[in-house]
Amino acid sequence: MAIPNQSELYKAIDKFNRITSSGVVLSDEKLEIKHRCEGSLKEFVIYMWDIMVPDPFRGGFHIDAICDHLEALYTLDIHDLIINLPPRMAKSTICMVAYPAWIFCKDPSFSFLCTSYAENVSNRDSEGCGNLMSHPRYKDLWGKKFYLVSKNKHLIRTNKGGERRATTI
């Protein structure tokens with residue numbers, strides 16, 4: 001049996017990375033979107049926005065700041081983060097829905113404890129995160145990496161041991 005050369009090996013790895021959970025091969029454009037979304041929470045939020053929120057995406061410096069700080073929290077460049085913004089500024093959508101889904105596409109073994117002041121808000125955000133990760137657009141890009149084994153309003157669990165628990169304080 002011949003050992004593949006480095007070029008053949010890279011081609012095989014590229015082809016493997018392009019195959020989606022449904023067996024479809026990702027186009028160059030979709031693969032670029034996948035890499036951009038994995039590399040930037042803001043890119044992920046923009047690409048997935050219409051799944052999370054019925055209103056059109058309107059960016060702003062506050063969206064950039066939230067995404068930049070959450071990325072820094074993930075990379076442990078910062079250890080504590082408090083976000084104070086008026087209502088309807090996408091705090092919950094980004095922090096409680098998009099952020100866990102983004103982390104899971106990078107590390108499906110990650111665990112979250114998401115809390116809110118009210119049970120209906122906690123449930124809303126948990127269902128939103130589960131719906132996002134169950135959406136065909138999300139599954140086409142990351143469905144081969146992991147899948148959900150449990151999805152309800154209090155717990156989302158991946159087959160890689162990751163989970164998002166929702167509760168109130």
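In the predicted model, W142 touches K34, C37, E38, F44, M48 and C105, leaving aside residues up to four places away in sequence. Both W142 and F44 recur in the largest nonpolar core, where L41, F44, M52, I94, Y138 and W142 are, of its 37 residues, those that touch the most other members. At least two residues of this core are supplied by each of α2, α3, α4 (61-74), α5 (91-106), β1, α6 (119-134) and α7 (136-142). The largest share, ten residues, comes from α5.

The chain as a whole contains seven helices and four strands. Their succession along the sequence is α-α-α-α-α-β-α-α-β-β-β. Of the 169 residues in the protein chain, 37% are buried. Among contacts with a separation of 6 or more, 63% are accounted for by residues 24 or more positions apart.

Two of the helices that contribute to the core also pack against each other. Helix α2 (residues 28-39) meets helix α3 (residues 41-52) at an angle of about 125°, and their axes lie 5 Å apart. The angle falls neither over 145 degrees nor within 65 to 115 degrees, and the two helices are therefore oblique to each other. On the α2 side the contact is made by K30, I33, R36, C37 and G39, and on the α3 side by L41, E43, F44 and Y47. Sorted by class, the contact of α2 with α3 comprises five nonpolar, one polar and three charged residues. Several of these residues appear elsewhere in the description: C37 and F44 are among the residues touched by W142, and L41 is one of the core residues with the most contacts to other members.

The strands form an open sheet of four, in the order β1-β4-β3-β2, with mixed pairing. The edges are occupied by β1 and β2 (148-151), each having a single partner strand, so one side of each is left without a neighbour in the sheet. From one strand to the next the twist averages 10°.

The pairings can be followed across the sheet. Strand β1 (residues 111-116) is joined to strand β4 (residues 163-168) by six bridges, and these two strands run parallel; C114 stands opposite A166 in β4. Strand β3 (residues 155-158) pairs with β4 over three bridges in the antiparallel sense, and I156 has R164 of β4 as its bridge partner. Three bridges likewise join β2 to β3 in an antiparallel arrangement, with L148 opposite T158 in β3. Between β2 and β3, which form a hairpin, there are three residues.

The side chains of β1 show an alternating pattern. F112, C114 and S116 point to one face and are buried, whereas S111, L113 and T115 point to the other face and are not buried. Such alternation between the two faces of the sheet is what a regular strand shows in general.

Helices also pack on the sheet. Strands β3 and β4, paired in the antiparallel sense, are both touched by α5, which packs on the sheet and also touches β1; the direction of α5 makes about 180° with that of β1. Helix α6 packs on the sheet as well, touching β1, β2, β3 and β4, and its direction makes about 160° with that of β4.

Residue S134 belongs to helix α6. With a relative accessibility of 27%, S134 counts as partly exposed. Residues up to four places away in sequence aside, S134 touches K139, L148 and K151. The C-alpha atoms of S134 and K151 are separated by 9.2 Å, although the two residues are 17 residues apart along the chain. L148, another of the residues touched by S134, is the residue that stands opposite T158 in β3.

The loop between α4 and α5 includes two residues with notable backbone angles. Most residues other than glycine have a negative phi. L76, found in this loop, has a positive phi of about 65° although it is not a glycine. R88, found in the loop between α4 and α5 too, has a positive phi of about 70° and is likewise not a glycine. Both side chains belong to residues that count as exposed: the relative accessibility is 57% for L76 and 77% for R88.

How values were computed. Residues are numbered from 1 along each chain as its sequence is written. This is a predicted model: local features need pLDDT of at least 70, side-chain atom pairs count only at pLDDT 80 or more; totals for chains, interfaces and linings use all residues. Side-chain values use heavy atoms; hydrogens and water are left out. Axes are lines fitted to C-alpha atoms, for helices over the stretch in contact, and angles run from 0 to 180 degrees between N-to-C directions. Angles under 35 degrees count as roughly parallel, over 145 as roughly antiparallel, 65 to 115 as roughly perpendicular and the rest as oblique. Contact means heavy atoms within 4.5 Å. Ala, Val, Leu, Ile, Met, Phe, Trp, Tyr, Cys and Pro count as nonpolar, Asp, Glu, Lys and Arg as charged, and the others, Gly among them, as polar. Buried means under 20% relative accessible area, exposed over 50%, partly exposed in between (1.4 Å probe, protein chains only). Two strands pair if DSSP finds at least two bridges between them. A nonpolar core is a set of buried Ala, Val, Leu, Ile, Met, Phe, Trp, Tyr and Cys residues joined through side-chain atoms within 4.5 Å.
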